[in-house]
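Hi everyone, thanks for making time this morning. I'd like to walk you through one protein chain, so please pull up the picture and follow along with me.

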Amino acid sequence: MASNRTSESAPLLNPDRPPTNFQRDHTAPSDNDTSLCSVCANLDFHRIFLDGIPIEEEIPLVLLSSILEKSYQCNFCRLISFHVRRTWKLDEIDLSGIGFVMYSKNCGCLREPFYQPTFRCHRLHIRPKHSGGLWKRLLALDQFVIHLLQEDAFKFGRPADLHGRRVKNTVDIGLVQKWISVCQKNHRDKCGNVWKMDRKLPGFVRVVDVLSMAVVPAPSGCRHLTLSYVWGSIGADYWTTKDNIAERSIPGGLNVSSLPETITDSILFVQQLGERYLWIDALCIIQDDSLDKSNQLRAMDLVYGLSHLTIVAAGATTAQDPLPGCRPRTRTLQQHIEVVQGLHLYVAPPRLREALTQSTWDTRCWTYQESALSYRRIYFTGPQVYFECKSNIFCEDIVAESKYHRLSRSFLQSSFGECFPSLHSISSYTTAVERYTPRHLTVESDIVNAFTGVTNALAMAFELGDPDRVFQYGMMMPDIHLTLLWQHDPQTPRARRLLPDGGTSPWPSWAWAAWRGGILYRGGDVYLRTQMGNFGSDLSINETLVDPWYIVDHSGNTVQLDVHQVSLFSWNTGGVKHAYSAPRGFLDPTELTLDIHRPLEPGILIFRTTCSHFGIARRGGEEPSGYAHGLFNILSTASFTPVWVGSAVLPLEPTLPSSLDFIVISRTSSNSVYDEETLRHYYGCLLHVMAVSQDEGFMERVGLGVIHEAAWTASRPEEKVVFLR
């Protein structure tokens, strides 16, 4: 990196180094160099975009302060400066010593054979770098990408594939129709029937007929679109209610002038596409009719799962905001183009995942299932519109449409906004929970309702059975031995959800829905780190140790759950026989109640296991500030000197006692989570345990951990029928 901050004639590279292939050998500037500083004029951009720059041969540029100074006279410096001034908080950054390096990456190839270099174009990556190596200062500074526009592709003998495209003031409807057509013709079943749905919309579902401008029952087999948006706090004047549903059901009865802009623009967009039916929750659900609302919400898997296209208002913060680019003057173009050595270059806008992360829409619970269930989505964001299906991503600023889907490769495909479902039911479920729970709800009691579309779709896609039986309180009951192993996001305080009237959560402590904040599903690695992190191995168990399970249903009846059993055999036990043997056998009626005069509340889990008492001690090393959960060592007090026998993740507030009760859930394996000099390691030597509190015969979840089975059996555990509420 150059260290001279002011001299425009300073060499790009160390003067002692021989010129690279990307430095130009000229004695006088060409016409194309007259608007470049001497440093940028020394680069051969044609050669760079032709051959690329490997990351190991990245080119150091001058300091940021110098680039900002020269942006008024140099087109390439201006391109970098435009992005930096628009996206970085320069008044909060010490610019001294911060420079840039430049390298390139292949964009991919849309044609067969995809490996032909003739069709490959490159994109320039500009990455900040500090001369003193103070990388922590750069964490908040993003790298960015510079693209070559398609109009210059011929200069390299290439097609326009994966080159940049000029973004217009309004969205090109023909381009959107092309994206939909490419998906329909080339992606087949991967996008056409992702939920294995052969059903139609139920007769009670309504849609907006954008031709007659009325709210009507969905015609049998109709092709409909859906809208996903943020309501915001703009009032309820535009909602469909018992008082206006009759008027809105007749042709012309839906008065557009009374609707917010997100909705009117969506209607206009559907009309422009040549489609007829659009589902919008505020208009198609009678908002003051609790029965109608309940019925409609339970059909969300079909409403969004069968949708031809979901319109996502990702650039809006309330329903009053327009869809950017749907009409003239509804968006400000952010594509800044500069001509450098005769080539038209621009800094790329955020890719899809990054753009969504910056949106209010991506923070709302209700919008998660609307996105996850839809197999085609079009996102309206401030900079541009993105199209996403289960197979590909398109956007306004990149030429990426191709019929060669099977072998095509595009860098856009690394930024999918939503990938759901996965190949297996349990991984689909745990991923959905992790994506859903960090989001926000206006009404906390909606936490299960806003997830019901996902659980209904999972039950259908994986043929799990009746969704009301398979999923209770948001939990997947056939795999309860796995789904019980959730952890709080370590930065989320342990706080129960509240009802609107201030009452306590109706959901039991063992269900993640009962608690505010993000939920994580992690394997044994979560117990290894002194400082907790959000990343770890996948969930796994070697053997289920509880059978059978019972639950008190909403009618107050105790019913047995249909739970999958797991028993993974391994020779890798070093000849050690498992010390722990789980209690088995059905519970008789007298064991299924605590007090015959006091009925059990719905949601209580009942099962037979063993319970024991262990000491706990905070793991050495403080968690980062803001953490609400920490790692604890589980200690056996059977001997005079406490022995480290396991590990647990527990809340830091309120202060816990020096010891806790634990109950056994299942068997697993892991290393370095107990004293391995005292306790021998072998396959399946650990027990998944739940830390619990007890009150009047009931238990509640406190946290989760693992304990070596030899220590567990040595503690003389008590066999117990657990009533977990």
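**A walk through the strands**

Let's begin with a pair of residues: L148 sits opposite L345, which belongs to strand 12. Before we go on, please keep in mind that this is a predicted model.

L148 is part of strand 5, and that strand is a nice place to start. How many of the five residues of strand 5 are buried? Five of the five, so the strand, residues 144-148, is largely enclosed by the rest of the structure. You can see this on both faces: F144, I146 and L148 are buried on one side, and V145 and H147 are buried on the other.

Now, who are its partners? Strand 5 pairs with strand 12, residues 343-347, through three bridges in the antiparallel sense. Strand 4, residues 122-130, is also joined to strand 5 by three bridges, and these two run antiparallel as well. Within that pairing, I126 has F144 as its bridge partner. If you are new to this, strands of a sheet pair through backbone hydrogen bonds, either parallel or antiparallel.

Let's step back for a moment. The protein chain has 18 helices and 30 strands. Of its 725 residues, 55% are buried. Take contacts between residues at least 6 apart in sequence: 72% of them join residues at least 24 apart. The chain exposes about 31,100 Å², with carbon and sulfur atoms supplying 51% of that.

Next, please find the open sheet of eight strands. Its order is 7-6-9-8-10-13-14-15, and the pairing is mixed. Which strands stand at the edges? They are strand 7 (214-217) and strand 15 (393-395); each has a single partner strand, so one side of each is left without a neighbour in the sheet. On average, neighbouring strands here are turned by 30° against each other, ignoring direction.

Inside this sheet, strand 13 and strand 14 run antiparallel, joined by five bridges. One spot to look at is R376, which stands opposite C389 in strand 14. Helix 5 packs on the sheet and touches strand 13, strand 14 and strand 15. The direction of helix 5 makes about 10° with that of strand 14.

Let's zoom in on V312, in strand 10. Is V312 buried or exposed? It is buried, because its relative accessible area is 0%, and the cut-off for buried is under 20%. Among the residues that V312 touches are S228, W361 and Y379. V312 and Y379 are 67 residues apart in sequence, yet their C-alpha atoms are 4.7 Å apart in space.

Helix 8 is my last stop. This helix covers residues 261-273, and its 13 residues reach 18 Å from first C-alpha to last, close to the 18 Å expected at 1.5 Å a residue. Its buried residues include I263, I267, V270 and L273. Here is a handy rule: an α-helix has 3.6 residues a turn, so residues three or four places apart point the same way. What covers the buried residues of helix 8? The cover includes helix 5, strand 8, strand 9, helix 9, strand 10 and strand 13. Just after helix 8 comes G274, with a positive phi of about 85°.

One final item, on cysteines. How many disulfides does the structure hold? Zero. C326 counts as buried, because its relative accessibility is 7%, and C685 is buried too, with a relative accessible area of 0%.

Thanks for listening!

Definitions and conventions: Residues are numbered from 1 along each chain as its sequence is written. This is a predicted model: local features need pLDDT of at least 70, side-chain atom pairs count only at pLDDT 80 or more; totals for chains, interfaces and linings use all residues. Side-chain values use heavy atoms; hydrogens and water are left out. Helices (H or I, at least four residues) and strands (E, at least two) are DSSP runs, numbered from the N terminus. Buried means under 20% relative accessible area, exposed over 50%, partly exposed in between (1.4 Å probe, protein chains only). Contact means heavy atoms within 4.5 Å. Accessible areas come from the Shrake-Rupley method with a 1.4 Å probe; for residues, only the protein chains shown count as cover. A disulfide is a pair of cysteine sulfur atoms within 2.5 Å. The expected span of a helix is 1.5 Å times one less than its number of residues. Two strands pair if DSSP finds at least two bridges between them. Axes are lines fitted to C-alpha atoms, for helices over the stretch in contact, and angles run from 0 to 180 degrees between N-to-C directions.
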